[in-house]
Amino acid sequence: DTESYPVESELDRSGKHALSIFDFPYGASAGSCLHDILEHIDFTLENSDDARRLVAEKLAGYGFEDKWTDTVYRAVANVLSAPIMGKGTPFSLSCLTSSDRLHEVEFYAPLGRISAGRLGEVFRSYGGRTIPDRFSGRIESLGFKPHKGMLRGFIDMVFHYNGRYYLVDWKSNLLGDSGNYRREKLDEVMEKELYILQYHIYVVALHQFLGVRDNNYHYREHFGGVFYLFLRGIDPERGSEYGIFFDRPEFDLINNLSHFLTGLR
């Protein structure tokens, strides 16, 4: 979230530079603010005045000027109204009620003895479209010493739709102009920042939780996939090729990774 790139410029009716989400500050505070807004806003945006008021309050709470209210509101509205499952499916996050989703889902699980080398081996045989062949080498190069303990983390959001569970991670990264949020560019970011490893761990955590909670749960039937939503790049007018990364990991990989991380068979 801390890299800076040239961004595209827009003009308002007076010919002056019009603020866009690409102008909004980047960094930890900006990311936390956007996460906080998405955690508490009404996804339906039925009452736009209430939604704008919440955006303004959250911005002020994080020390941002009121001038950003309209810009951030528009960006959030874009994220909530975008057809994230593609043109053929009219679903958008705005379809979700508060009972359909959970935010800041904490997981806490025992961690078996792991090492960077062995973790890389788990991914090695699953190289393909969403896992580059070289990715296992990136994991191995982390070189952390073998250790065991507890694994703790937070998933930004889990939602339930049409009988399946989905993970969502909000990303506020400033990658540059809209062209840098095309899917092929996001693939590069997912690899570089090790988000691929991150979301596989998230999937394992949710998979284990659902398996304990529901005796009828089966991954292939009930797990829908993972969305990494790059908030600055999403715009329904551009389509689902911008700002949206999706993957549904293979069951065998999740199963093997689950056994590896827990040390259980």
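Which residues line the largest cavity? Select I21, L34, L38, A75, V76, V79 and L231 to see that lining. The model is a predicted one.

**Stop 1: the cavity**

Keep that selection on screen. A search of the whole structure turns up one cavity of 30 Å³ or more, and the volume of the largest cavity is about 50 Å³. Colour the helices next: α1 and α3 are the elements that give two or more residues to this lining. The largest share, three residues, comes from α3. By residue class, the lining of the largest cavity consists of seven nonpolar residues, with no polar and no charged ones.

**Stop 2: F24 and W68**

Now show the aromatic side chains; the structure holds 16 aromatic pairs. Start with F24 and W68. Their ring centres are 5.4 Å apart and their planes stand at 80°, so the pair is edge-to-face, a class that takes angles over 60 degrees. Trace the chain out from each ring. F24 is in the loop between β2 (17-18) and α1 (28-40), while W68 is in the loop between α2 (48-61) and α3 (69-81), so the pair ties together parts 44 residues apart in sequence. F24 has 1% relative accessibility and counts as buried. W68 is buried as well, with a relative accessible area of 7%.

**Stop 3: F159, Y166 and their cluster**

Select F159 and Y166 next. This aromatic pair is stacked, at 4.9 Å centre to centre with 10° between the planes. F159 has a relative accessible area of 0% and is buried; Y166, at 8% relative accessibility, also counts as buried. Extend the selection to F91, Y161, F227 and F246, which form one aromatic cluster together with F159 and Y166.

**Stop 4: G224**

From the cluster, move to G224 in strand β6 (residues 223-230). Is G224 buried or exposed? G224 is buried, with a relative accessible area of 4%. Leaving aside residues up to four places away in sequence, G224 touches R164, Y165, Y166, F246 and R248. Two of these names, Y166 and F246, also belong to the aromatic cluster of the previous stop. To check a distance in the viewer, pick the C-alpha atoms of G224 and A82: they are separated by 18 Å, and the two residues are 142 apart along the chain.

**Stop 5: charges over rings**

Which ring does the charged end of R101 sit over? Select F43: the charged end of R101 is 3.8 Å from the centre of that ring. Then select K171 and Y195. Here the charged end of K171 sits over the ring of Y195, 4.0 Å from its centre.

**Stop 6: two positive phi angles**

Finish with the backbone. L45 is not a glycine, yet its phi is positive, at about 55°. Look for L45 in the loop between α1 and α2. At 18% relative accessibility L45 counts as buried, because the class covers values under 20%.

The last selection is E104, in strand β3 (residues 101-114). E104 is not a glycine either, and has a positive phi of about 50°. At 33% relative accessibility, E104 counts as partly exposed.

Conventions
Residues numbered from 1 in each chain as written. Predicted model: local features only at pLDDT ≥ 70, side-chain atom pairs only at ≥ 80, totals over all residues. Heavy atoms only, no water. Phe/Tyr/Trp six-rings, centres within 6.5 Å; stacked < 30°, edge-to-face > 60°. Helix = DSSP H or I, 4+ residues; strand = E, 2+ residues; numbered from the N terminus. Buried < 20%, exposed > 50% of the residue type's maximum accessible area, 1.4 Å probe, protein only. Lys NZ or Arg CZ within 6 Å of the ring centre and 35° of its normal. 1 Å grid on protein atoms, 1.4 Å probe; cavity = no way out; pocket = protein on both sides within 12 Å on 5 of 7 lines; lining within 4 Å. Points joined across faces, edges and corners; volume = space filled by probe spheres on them. Nonpolar A, V, L, I, M, F, W, Y, C, P; charged D, E, K, R; others polar. Contact = heavy atoms within 4.5 Å.
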